[in-house]
Amino acid sequence: MLRRFFKGNNKYFTLSTLIFILILAIGFYEPVKINELELNWRSFRILKSEEIARQSSEIIRENISDFLKDFNTLTATLKNDLSNTQNKIPEIENLSLPENCSVLIWRNSKLFYWKNEKSLKQNSIKYFQREEVFFEKTKLTAELTVYDSLLINGEHFLVKFSRTAEKFYKFENEYFQPVSLTNSISNEIGIDVKIDFSPKAKISKDGRTFSAPVYNNFNNKIGMLYFPKPQV
């Protein structure tokens, strides 16, 4: 039955028809295939970006965890030393602090002791809860910061503890020690990462940049993470 379509002039008409149908099929298939590839690539970029954000957040959580361990050690030392000296300063004058850390202590709302602290103000802590970690940002540095109140020998102490997370300046000499959380993350995961150390930081409007919030130990946003989306 099919032979009659391939006899005489019919065969030319049949071949033309088949070729036309084939062209239509290819024309329909190609956009579908391209759309499928685009969808797969978009999905890959999202999954890869989310994985980078997860890895970066894990590094920040580890930093916060280590910072809180130092803080708990400090407050335990303060409780012991001040309890044994009736809340006098001499016993804590030589207080040992981890590298890049500072401490401020108020007794009954009056400044009592400080060490390595760049600012003697108490204002920043009013927006956060006791033992809640946050970034305290200045023009020169961003500091991981936490505070707690202690009752020792009937007196109230407020302890503010900080550790430098980022230095926004650099000196070209042998004494300068750079500190950069962003560089640590970038080097570990192999991508250029930036951090806005503010709880008010916004999502980037640049379509080439992925944004992810930075959370503290209370699961509150304290900053924003930015990095370029994966490319082909």
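**Entry 1: contacts across the chain**

I began with how far along the sequence the contacts reach. Counting contacts between residues at least 6 apart in sequence, I find that 51% join residues at least 24 apart. I note here that the model is predicted.

Next I listed the elements. The protein chain has two helices and eight strands. Read from the N terminus, I get the order α-β-β-β-β-β-α-β-β-β.

Then I looked at the surface. The chain has 232 residues, and 36% of them count as buried. I note about 15,300 Å² exposed, with carbon and sulfur atoms supplying 54% of that area.

**Entry 2: salt bridges**

How many salt bridges does a search of the whole structure find? I got eight. I wrote up three pairs, starting with helix 1.

In helix 1 (residues 10-84), E51 and R54 sit three residues apart, about one turn of the helix. Their side chains meet in a salt bridge at 2.8 Å, N to O. I checked the cover on each partner: E51 is partly exposed at 30% relative accessibility, and R54 is partly exposed at 45%.

My second pair is E58 and R61, which also lie in helix 1, three residues apart, about one turn of the helix. I read 2.7 Å, N to O, for the salt bridge between their side chains. E58 counts as partly exposed with 32% relative accessibility, and R61 counts as partly exposed with 44%.

My third pair is E136 and K160, whose side chains form a salt bridge at 3.0 Å, N to O. This pair links distant parts of the chain, with E136 in strand 3 and K160 in strand 5 (residues 155-167), 24 residues apart. Are E136 and K160 buried or exposed? I find both of them buried.

**Entry 3: E132, a charge without a salt bridge**

I then turned to E132, which is found in the loop between strand 2 (110-115) and strand 3 (134-137). E132 is buried yet has no salt bridge. Which side chain of opposite charge is nearest to E132? I found R130, 11 Å away. A salt bridge needs the charged atoms within 4 Å, so R130 at 11 Å does not qualify.

What does the side chain of E132 reach instead? I noted two partners. One is the backbone nitrogen of Q129, reached at 2.9 Å. The other is the side chain of N216, with a polar contact of 2.9 Å.

I also listed the contacts of E132, leaving aside its neighbours within four places in sequence: T145, V146, N216, N217, F218 and N220. N216 thus turns up as a contact of E132 and as a polar partner of its side chain. I followed T145 next.

**Entry 4: T145**

T145 belongs to strand 4 (residues 141-152). Its relative accessibility is 0%, so I put T145 down as buried. Which side chain makes a polar contact of 3.1 Å with that of T145? I found S162.

Not counting residues up to four places away in sequence, T145 touches F67, E132, V133, F134, E136, K160, F161 and S162. I was pleased to meet some earlier names here: E132 is in this list, and so are E136 and K160, the two partners of the buried salt bridge.

**Entry 5: aromatic rings**

My last lookup was the rings, where the count comes to 10 aromatic pairs. The centres of the F128 and F134 rings are 4.0 Å apart and their planes are at 0°, so I call this pair stacked. F128 is buried at 17% relative accessible area. F134, one of the residues that T145 touches, is also buried, at 1% relative accessibility.

How are the rings of Y169 and F176 arranged? Their centres lie 5.6 Å apart and their planes are at 65°, so I noted the pair as edge-to-face. Y169 counts as partly exposed at 25% relative accessibility, whereas F176 counts as buried at 14%.

I also noted that F67, F71 and F161 form one aromatic cluster. Two members of that cluster, F67 and F161, are among the residues T145 touches.

Terms used:
Residues are numbered from 1 along each chain as its sequence is written. This is a predicted model: local features need pLDDT of at least 70, side-chain atom pairs count only at pLDDT 80 or more; totals for chains, interfaces and linings use all residues. Side-chain values use heavy atoms; hydrogens and water are left out. Helices (H or I, at least four residues) and strands (E, at least two) are DSSP runs, numbered from the N terminus. Buried means under 20% relative accessible area, exposed over 50%, partly exposed in between (1.4 Å probe, protein chains only). Lys and Arg count as positive and Asp and Glu as negative; His and the chain ends are not counted. A polar contact is a pair of N or O atoms within 3.5 Å; within protein, one must be able to donate a hydrogen and the other to accept it, and residues adjacent in sequence count only if both atoms are side-chain atoms. Contact means heavy atoms within 4.5 Å. Accessible areas come from the Shrake-Rupley method with a 1.4 Å probe; for residues, only the protein chains shown count as cover. Rings of Phe, Tyr and Trp (its six-membered ring) pair if their centres lie within 6.5 Å; planes under 30 degrees apart count as stacked, over 60 as edge-to-face and the rest as tilted.
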